[in-house]
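This report describes how a protein meets two DNA strands and a metal ion. The sequence and structure are shown first, and the description follows.

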Number of protein chains: 2
Amino acid sequence: MSSSALPYRPHNHQACVAQALADARTICQQHNARLTPTRERVLELIWQSHKPLGAYDVLAVLAEDGHNAAPPTVYRALDFLQQQGLVHRIASLNAFIGCTHAGERHNGMFLICRSCGNVLELTAPGVSSAVTRAAAEESFQPDNVTIEVAGYCPRCASEPAHDG
Amino acid sequence: MSSSALPYRPHNHQACVAQALADARTICQQHNARLTPTRERVLELIWQSHKPLGAYDVLAVLAEDGHNAAPPTVYRALDFLQQQGLVHRIASLNAFIGCTHAGERHNGMFLICRSCGNVLELTAPGVSSAVTRAAAEESFQPDNVTIEVAGYCPRCASEPAHDG
DNA sequence: GCGGAATTTGCAACATTATAACATTAGCAA
DNA sequence: TTGCTAATGTTATAATGTTGCAAATTCCGC
Ligand SMILES: [Zn+2]
Ligand SMILES: [Zn+2]
Ligand SMILES: [Zn+2]
Ligand SMILES: [Zn+2]
């Protein structure tokens, strides 16, 4: 790959956010689901960067907004966004990140940089099929696959601690 | 695969435990690491079944033992056991399970049954290499790979809710 | 065995993440 | 309007994990 993926280089991140929100509106409309102001705001916050955000981080920003929110507000919004396929939960971090393949059927694989904290979501058909095959050998019926790879992104592998 | 893996059928589980403890003793000796009574007891508890056990579950049993333990006791023992490669943490469940490949260099892949809760650890070279390849395409240097597959085990796929 | 260093454990407090239960409000349609 | 459903507010609590320091144990050279 000659040009590195978005999280690994400077880019117009406002465009990422705008695109994500636009996609979300479309998708929710298609699903007859209501993208309420709280839900939309939470999605926007999750998209603040390519680093996953904890539920309580979201909560803190909502508080700054003047929104008098409690944990259930955030968790409910996040549950909704997950159901709509708009965000993913990163189990190894207890944190959430915007889905970069919203609307597409995909199995996310996440590359998590230990140094800068950025996360890249990949669609990896080769991995998915290998997992499916391995499960099938045990007669196991996969339902949901979690693949999270911790390591070092190209930027940090050469020189540590960027903000991306 | 004609005969199903251990967690999916009745077996002499005491033999699993005994083997795991024997392996642990050998491995710790090789590493010059001290398998103290607390650590050994925690390992034994983790091996009580092929279902992952939460740290506080372990704590509760220690309390029944009469061992006046606090959370750090358990977490320290678990950290130690993880470092020795004797247990794995299942991120999607916040729980721990005995490693069935202790001593071997391996990348665990976990098949987690949503119905009976049993977990099968596989070594899946095809999956590992596919993950490595996908990461390499993004110039990402993997360090630690988490692969957890939730779904239904062969027993539960046919008829639900065994105890295994 | 003895004494000092290093490892391990005990213990108390605390931090973080997530959920339960129930009241209230907003959206929508008959 | 009225009545239903989905969404949110509110309070409390559960579940999971960590920090910091003191005491005890173990190891190792003497
Ligand atoms: Zn995605
Ligand atoms: Zn990085
Ligand atoms: Zn293992
Ligand atoms: Zn099962």
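## Surroundings of DNA strand D

In this predicted model, 18 residues lie around DNA strand D, and those that come nearest are A:T36, A:R76, B:R34, B:Y56 and B:R89. By class, this surface is made up of 6 nonpolar, 6 polar and 6 charged residues. Helix α4 of chain B gives the largest share of the surface, 4 residues. At least two residues each are supplied by α2 (37–46) and α4 of chain A, together with α4 of chain B.

Among the atoms of DNA strand D within 4 Å of the protein, 49% belong to sugar or phosphate, and the rest belong to bases. Phosphate oxygens of the strand have polar side-chain atoms of both chains beside them: the distance is 3.3 Å for A:R39, 3.4 Å for A:T73 and 3.0 Å for B:Y75.

## Surroundings of DNA strand C

DNA strand C is surrounded by 15 residues, of which A:Y56, A:Y75, A:R89, B:T36 and B:R76 are the closest. The classes are represented by 5 nonpolar, 5 polar and 5 charged residues. Of the strand's atoms within 4 Å of the protein, 53% are part of sugar or phosphate, with bases accounting for the rest.

Both a phosphate and a base take part in the contacts listed here. A polar side-chain atom of A:Y75 is 3.0 Å from a phosphate oxygen of DNA strand C, and for B:N68 the corresponding distance is 3.3 Å. The side chain of B:R76 has an N or O atom 2.7 Å from a base nitrogen of the strand. Two or more residues of the surface near DNA strand C come from α4 (71–83) of chain A and likewise from α4 (71–83) of chain B.

## The zinc ion (ligand 4)

Which protein atoms are the donors of the zinc ion (ligand 4)? They are the SG atoms of B:C113, B:C116, B:C153 and B:C156, which lie 2.2 to 2.3 Å from the ion. The arrangement is tetrahedral because the 4 donor atoms subtend angles of 105 to 116° around the zinc ion.

Along the chain, the donors follow the spacing C-x2-C-x36-C-x2-C. Distant parts of the chain are linked by B:C116 and B:C156, which are 40 residues apart. B:C116 is in the loop between β3 (108–113) and β4 (119–123) of chain B, whereas B:C156 is in helix α6 (residues 154–158) of that chain. B:C116 has 8% relative accessibility and therefore counts as buried; B:C156, at 7%, also counts as buried.

Terms used
Residues are numbered from 1 along each chain as its sequence is written. Chains are lettered from A and ligands numbered from 1 in the order in which they are written. This is a predicted model: local features need pLDDT of at least 70, side-chain atom pairs count only at pLDDT 80 or more; totals for chains, interfaces and linings use all residues. Side-chain values use heavy atoms; hydrogens and water are left out. A residue is near a molecule or strand if one of its heavy atoms lies within 4 Å of it. A polar contact is a pair of N or O atoms within 3.5 Å; within protein, one must be able to donate a hydrogen and the other to accept it, and residues adjacent in sequence count only if both atoms are side-chain atoms. Ala, Val, Leu, Ile, Met, Phe, Trp, Tyr, Cys and Pro count as nonpolar, Asp, Glu, Lys and Arg as charged, and the others, Gly among them, as polar. Donors are N, O and S atoms within 2.8 Å of the metal (3.2 Å for Na, K and Ca); water is not among the atoms, so sites may look incomplete. Four donors count as tetrahedral if all angles lie between 85 and 135 degrees; four count as square planar and six as octahedral if opposite donors are over 155 degrees apart and all others between 65 and 115; anything else is irregular. Buried means under 20% relative accessible area, exposed over 50%, partly exposed in between (1.4 Å probe, protein chains only).
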